[in-house]
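Got the structure open in your viewer? Here is a short tour, one selection at a time.

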Amino acid sequence: MPFSYLCHEIFYLLTNLITKKMKKLLFVAAVAALSLSSCSTVSHTAATENVDTQIMNRSTANLKVSDKVISYTFVPDGAHNRAGMKSMKAAAVQKALEANGNGDVLIAPQFEVKTKSFLFWKKVKAITVKGHPAVYNDVHNTTQAEADVASTLNGVSRHK
């Protein structure tokens with residue numbers, strides 16, 4: 001048997017084997033693609049209705065506001081940039097309070113946002129936040145006198 005004939009037969013067997021495996025693989029891929037694609041329509045039949053509720057907080061606290069103005073520059077990472085401006089400002093306030101004595105809130109925050117513009121979007125490079133840190137103290141149950149003052153300030157008359 002000549003060597004060229006033997007090479008030809010081996011080539012034919014390998015080609016036939018590969019072709020059968022490729023057909024099988026293509027068939028499995030087509031079935032998987034069809035089973036993963038959906039041609040259904042989702043319809044919602046339930047309606048929602050807003051419920052008018054109010055949450056009442058029955059505790060009162062004093063807020064001690066510092067005279068000192070703190071400043072902090074926050075450099076957002078990719079996750080913060082994807083979360084949006086509101087999230088980045090909240091993170092800047094949190095980091096500013098952590099870096100300057102762990103205050104509870106930042107009173108009258110002022111933001112300076114530095115951005116870099118691209119063709120279709122802007123990337124925030126840094127946010128500098130300034131404000132007065134404040135701490136809650138003397139948390140206690142609301143007295144009737146405090147509740148009356150709060151009602152008066154909110155325009156609600158408690159007289160019967």
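Start by selecting D138, which sits in strand 4. Keep in mind as you click around that this is a predicted model. Look at the backbone of D138: its phi is near 55°, a positive value in a residue that is not glycine. That's worth a pause, because most residues other than glycine have a negative phi. Is D138 buried, exposed or partly exposed? With a relative accessibility of 48%, D138 is partly exposed, because that value falls between the 20% and 50% cut-offs.

**Another positive phi**

Now jump to N102, in the loop between helix 3 (85-99) and strand 3. N102 isn't a glycine either, and its phi is positive at about 55°. N102 counts as exposed because its relative accessible area is 53%, and the cut-off for exposed is over 50%.

**Zoom out**

Switch to a cartoon view of the whole protein. You should find four helices and four strands. Trace them from the N terminus and the order reads α-β-β-α-α-β-β-α. How much of the protein is buried? Of its 160 residues, 13% are buried. Turn on the surface and you're looking at about 13600 Å² of accessible area, with 59% of it belonging to carbon and sulfur atoms. As for contacts between residues with a separation of 6 or more, 66% link residues 24 or more positions apart.

**The hairpin**

Next, select strand 3 (residues 105-117) along with strand 4. The two run antiparallel and are joined by eleven bridges. Together they form a hairpin, with four residues between the strands. To see a facing pair, pick K116 and look across to K123 in strand 4.

Stay on K123 and add R82 to the selection. Which element holds R82? It belongs to helix 2 (residues 78-83). Along the chain R82 and K123 are 41 residues apart, yet their C-alpha atoms are separated by 9.3 Å. R82 itself is exposed, because its relative accessible area of 69% is over the 50% cut-off.

**A buried threonine**

Move along strand 4 to T128. T128 is buried: its relative accessible area is 13%, and buried means under 20%. What does T128 touch, apart from its neighbours within four places in sequence? Show everything in contact with it and you'll get S71, Y72, T73, Q110, F111 and E112. One of these deserves a closer look: the side chains of T128 and T73 are joined by a polar contact of 3.1 Å.

**A nonpolar patch**

For the last stop, go back to the surface view and colour L63, V65, Y136 and V139. These residues make a nonpolar surface patch of about 360 Å². Which elements give two or more residues to this patch? They are strand 1 (59-65) and strand 4 (122-141). Click on V65, which is in strand 1. With a relative accessible area of 40%, V65 is partly exposed. That's enough for V65 to qualify for a patch, because the cut-off there is over 30%.

Terms used:
Residues numbered from 1 in each chain as written. Predicted model: local features only at pLDDT ≥ 70, side-chain atom pairs only at ≥ 80, totals over all residues. Heavy atoms only, no water. Buried < 20%, exposed > 50% of the residue type's maximum accessible area, 1.4 Å probe, protein only. Contact = heavy atoms within 4.5 Å. Areas by Shrake-Rupley, 256 points an atom, 1.4 Å probe, with all protein chains shown as cover. Patch = residues over 30% accessible without salt bridge, like charges linked within 9 Å, V, L, I, M, F, W, Y side chains within 5 Å. Salt bridge = Lys/Arg side-chain N within 4 Å of Asp/Glu carboxyl O. Pairing = 2+ DSSP bridges. Polar contact = N/O pair within 3.5 Å; in protein donor to acceptor, adjacent residues only side chain to side chain.
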